[in-house]
Amino acid sequence: MAFVMIARQALFQLKSSTSVKACVKECKHDNSKSHAVQLPEKTRNSSVLVLGGTGRVGGSTATALSKFCPDLRIVIGGRNREKGAAMVGQLGKNSEFTEVNIENVDSLAAALKDVDLVVHAAGPFQQAGKCTVLEAAIETKTAYLDVCDDTSYALRAKSFKDKALAANIPAITTGGIYPGVSNVMAAELVRAANTESKGKPERLRFYYYTAGSGGAGPTILATSFLLLGEEVVAFNKGEKIKLKPYSGMLNIDFGKGIGKRDVYLLNLPEVRSAHDVLGIPTVSARFGTAPFFWNWGMSAMTNLLSPEFLKDRTKVQQLVQLFDPLVRAVDGIAGERVSMRVDLECTDGRNTLGLFSHRKLSASVGNATAAFALAVLEGSTQPGVWFPEEPEGIAIEARELLLNRATEGTINFIMNKPPWMFCYYTLKKVLQFRTQVVEITDLSGGFRLALKVADCSEVYSFEDIRENSKPP
């Protein structure tokens, strides 16, 4: 549905931008190499325990930390000594393995001894009854970070805020890639809107795409199945609403390297935290995968299996064992590309987005989690338990650095751009040439953007991508 407001917004954005050339240039990011991190002297030789360090998420986090900061002592925590030894062999001399059972208080206490920060990547977090690692971290006065992607667990972790404050312990929950980096992207979009817009932020939407299992293996498969057993919580004009999981499909453009993908509603913690922390009245989150038949299968599971079945961790693990060989086979074909798109709309018609795309989820989730870990070690997190978008969790002045680290290796990273410019980025024909905006005409049904391409002129019309008629 084309509409006039997007043209007016385009004109507004051009007037408020420092230059047209800066606005229409494709976002560039230096992905040639990892940049070594020089930690403050008092934390330069810190020790970081990565729980779940033999798994895909924990292992990639440990690898990223080692590359970012070779001086760190990295302790791989897990149950499998053989896998632990292999991981230590990859990381080198500044690493070691410790056997730990996160359900056992004594085992946790022993593992946390002489550790400065614990990164909890031993999911899945769905249907976990207690925050045993966070409690142990507070008890041993150890800084804490988790990659939780479950709303109930995240809210339970937040309930330990006062205890962490009393123990003078900084802690971040939901500090991975999504949620995590996506929360920080949302916070920066809102901050820019509050500074530059006359209107108020009113609608925030998270869109996620991962090819196959993203190379993350059984854990993400279990997480996906467990989420299908949860009602989706979203917010519409300040009202909390509950929706069916894996419903409300939208076809979203994730830009170059990803393209348009179908995404579906899921119950994710950033919806609640963004609504509460950032004060956005309408918030929702959607996720999609590929090949397309995985989306069909996920939708079918919500219709054929009861919520009680999908909430049962034992039964879900049995499902994972059944599907895992097939998923791994398809992953070899589908790859593991990942993309996040965050859209913000304001009451004055200003619409902006953030976009993050990477060829490998296994690498990008490591960079993202490592970026949060380094921020904690650098003192960007205050005592207490915080969500990533809270300034006490990641200080506002530290967000840019965190995003720079988290986005290393991305094939596309855009922040705080209007959707019409994003559409412009994705026109491959235009991107092959040096372009200049020469005219924007307000039409009754939409708008026309005239571009000067080399020695000729081209005129393009863009469709509205806001999907105003859709539910949150």
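What follows is a friendly conversation about a predicted model.

Colleague: I am new to this chain, so how many helices and strands does it have?
Modeller: Welcome! This is a predicted model, so everything here is read from predicted atoms. Along the chain there are 18 helices and 19 strands.

Colleague: What percentage of the 472 residues count as buried?
Modeller: The chain exposes about 20100 Å², and carbon and sulfur atoms supply 51% of that area. A residue is called buried when its relative accessible area is under 20%. Of the 472 residues, the share that passes this test is 57%.

Colleague: Among contacts between residues at least 6 apart in sequence, what share joins residues at least 24 apart?
Modeller: Here a contact means heavy atoms within 4.5 Å. Among the contacts between residues at least 6 apart in sequence, the share joining residues at least 24 apart is 73%.

Colleague: Which helix gives the most to the largest nonpolar core?
Modeller: In soluble globular proteins, nonpolar side chains tend to be buried together. The largest nonpolar core in this chain has 87 residues, and L65, L72, L117, V181, L204, F206 and F225 have the most contacts inside it. The helix that gives the most to this core, with 11 residues, is α15 (residues 361-377).

Colleague: Which residues of helix α15 does L117 touch?
Modeller: L117 is one of the residues with the most contacts inside the largest core. Leaving aside neighbours within four places in sequence, its contacts include S47, V48, L49, T142, A143, Y144 and L145. Helix α15 spans residues 361-377, and the contacts of L117 that fall in that span are A373, V376 and L377.

Colleague: How many residues are in the other core?
Modeller: That core lies apart from the largest one, and L108, Y144, V147 and V385 are among its members. Its count of residues is 32.

Colleague: Which residue forms a salt bridge with E390, and how many residues apart in sequence are the parts it ties together?
Modeller: The closest N and O atoms of E390 and K158 are 2.8 Å apart. E390 is buried at 11% relative accessibility, and K158 is buried at 18%. Because E390 lies in the loop between β15 and α16 while K158 lies in helix α7 (residues 151-158), the pair ties together distant parts of the sequence. The partner is K158, and the separation is 232 residues.

Colleague: Which strands does the salt bridge between R203 and E345 tie together?
Modeller: The closest N and O atoms of this pair are 4.0 Å apart, and both R203 and E345 are buried. R203 lies in one strand and E345 in another, so the bridge ties together parts that are 142 residues apart in sequence. The strands are β7 (residues 201-211) and β13 (residues 338-346).

Colleague: In the salt bridge of R405 and E378, which residue is buried and which is partly exposed?
Modeller: The two side chains meet with N to O at 2.8 Å, and they tie helix α16 to the loop between α15 and β15. R405 has a relative accessible area of 9%, while E378 has 24%. With the cut-off for buried at under 20%, the buried one is R405 and the partly exposed one is E378.

Colleague: E389 is buried yet has no salt bridge, so which side chain does it meet in a polar contact?
Modeller: E389 sits in the loop between β15 (384-386) and α16 (399-406). The nearest side chain of opposite charge, R399, is 8.0 Å away, and R399 belongs to a salt-bridge network with E188 and R191. The residues that E389 touches include N183, A187, E270 and S273. Its polar contact, at 2.6 Å, is with the side chain of S273.

Colleague: Which residues do cis peptide bonds join to P179 and P291?
Modeller: Most peptide bonds are trans. P179 lies in the loop between β6 (170-172) and α9 (181-196), and P291 lies in the loop between β12 (282-290) and α12 (292-304). In both bonds omega is about 0°. The partners are Y178 for P179 and A290 for P291.

Colleague: T174 and N416 have positive phi; which is buried and which is partly exposed?
Modeller: Most residues other than glycine have a negative phi. T174, with phi near 60°, lies in the loop between β6 and α9, whereas N416, with phi of about 60°, is found in strand β16. Relative accessibility is 1% for T174 and 23% for N416. The buried residue is therefore T174, and the partly exposed residue is N416.

Notes: Residues are numbered from 1 along each chain as its sequence is written. This is a predicted model: local features need pLDDT of at least 70, side-chain atom pairs count only at pLDDT 80 or more; totals for chains, interfaces and linings use all residues. Side-chain values use heavy atoms; hydrogens and water are left out. Helices (H or I, at least four residues) and strands (E, at least two) are DSSP runs, numbered from the N terminus. Buried means under 20% relative accessible area, exposed over 50%, partly exposed in between (1.4 Å probe, protein chains only). Lys and Arg count as positive and Asp and Glu as negative; His and the chain ends are not counted. A polar contact is a pair of N or O atoms within 3.5 Å; within protein, one must be able to donate a hydrogen and the other to accept it, and residues adjacent in sequence count only if both atoms are side-chain atoms. Accessible areas come from the Shrake-Rupley method with a 1.4 Å probe; for residues, only the protein chains shown count as cover. A nonpolar core is a set of buried Ala, Val, Leu, Ile, Met, Phe, Trp, Tyr and Cys residues joined through side-chain atoms within 4.5 Å.
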